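Q: Could you walk me through this structure? I am new to it and would like to begin with the basics.

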Amino acid sequence: MKARVHVMLKNGVLDPQGEAVRHALGALGFDGVNGVRQGKVIELDLAEGTSEADVNAMCEKLLANTVIESYSVELA
């Protein structure tokens with residue numbers, strides 16, 4: 001089984017990388033972008049028997065800083 005974890009900064013948390021991307025896009029002539037939020041995607045190849053609860057525990061303990069980041073899990 002595979003899991004995909006999407007990690008994003010929570011609303012209200014400044015995103016300097018996203019702002020740098022927005023600025024760079026403007027410098028390249030892409031003026032239609034008002035904001036960018038940058039995150040990360042983590043793909044896990046899970047052993048048989050690993051549950052969604054296990055993946056959530058991984059996120060809470062290591063994969064996401066839940067003070068400033070939110071996450072969502074997709075299982076495939």
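A: The exchange below goes from the overall fold to single residues.

A: This is a predicted model, in which local features need pLDDT of at least 70 and side-chain atom pairs count only at pLDDT 80 or more, while totals for chains, interfaces and linings use all residues. Residues are numbered from 1 along each chain as its sequence is written, and side-chain values use heavy atoms, with hydrogens and water left out.

Q: How many helices and strands are there?

A: The protein has 2 helices and 3 strands. Helices (H or I, at least four residues) and strands (E, at least two) are DSSP runs, numbered from the N terminus.

Q: And in what pattern do they follow along the sequence?

A: The pattern is β-α-β-α-β.

Q: Which strands pair with E1?

A: Strand E2, residues 39-45, pairs with E1 in the antiparallel sense over 7 bridges. Strand E3, residues 69-75, also pairs with E1 in the antiparallel sense, over 7 bridges. Two strands pair if DSSP finds at least two bridges between them.

Q: What are the bridge partners of Ala3 in E2 and of Leu9 in E3?

A: Ala3 has Leu44 as its bridge partner in E2. For Leu9, the bridge partner in E3 is Glu69.

Q: Where do the side chains of E1 point?

A: They alternate along residues 2-9. Ala3, Val5, Val7 and Leu9 point to one face and are buried, whereas Lys2, Arg4, His6 and Met8 point to the other face and are not buried. Buried means under 20% relative accessible area, exposed means over 50%, and partly exposed is in between (1.4 Å probe, protein chains only).

Q: Changing topic: what about the overall dimensions?

A: The C-alpha trace spans about 50 × 25 × 15 Å along its principal axes. The radius of gyration of the protein is 16 Å, whereas a compact globule of 76 residues would have one near 11 Å. That radius is taken over C-alpha atoms, and the globule rule is 2.2 Å times the number of residues to the power 0.38.

Q: What share of the residues is buried?

A: Buried residues make up 21% of the 76 residues.

Q: And the contacts along the chain?

A: Of the contacts between residues at least 6 apart in sequence, 66% join residues at least 24 apart. Contact means heavy atoms within 4.5 Å.

Q: Now some single residues. Where is Ala64, and is it buried or exposed?

A: Ala64 is in the loop between helix H2 (52-63) and E3. Ala64 counts as buried because its relative accessible area is 6%. Not counting residues up to four places away in sequence, Ala64 touches Val7, Cys59, Glu69 and Tyr71.

Q: How many residues apart in sequence are Ala64 and Met8?

A: They are 56 residues apart in sequence, and 8.6 Å apart in space, C-alpha to C-alpha.

Q: What about Ile68 in the loop between H2 and E3?

A: Ile68 counts as partly exposed because its relative accessibility is 33%. Leaving out residues up to four places away in sequence, Ile68 touches Met8, Leu9, Lys10 and Val13. Ile68 and Val21 are 20 Å apart in space, C-alpha to C-alpha, and 47 residues apart in sequence.

Q: Where is Gln38, and what does it touch?

A: Gln38 is in the loop between helix H1 (16-27) and E2. Not counting residues up to four places away in sequence, Gln38 touches Met8, Asp15, Gln17, Gly18 and Val21. Gln38 is partly exposed, with a relative accessible area of 32%. Gln38 and Arg4 are 34 residues apart in sequence and 16 Å apart in space, C-alpha to C-alpha.

Q: One last residue: where does Leu25 lie?

A: Leu25 lies in helix H1. Leu25 counts as partly exposed because its relative accessibility is 26%. Leaving out residues up to four places away in sequence, Leu25 touches Phe30, Val33 and Val36. Leu25 and Val36 are 11 residues apart in sequence and 9.9 Å apart in space, C-alpha to C-alpha.
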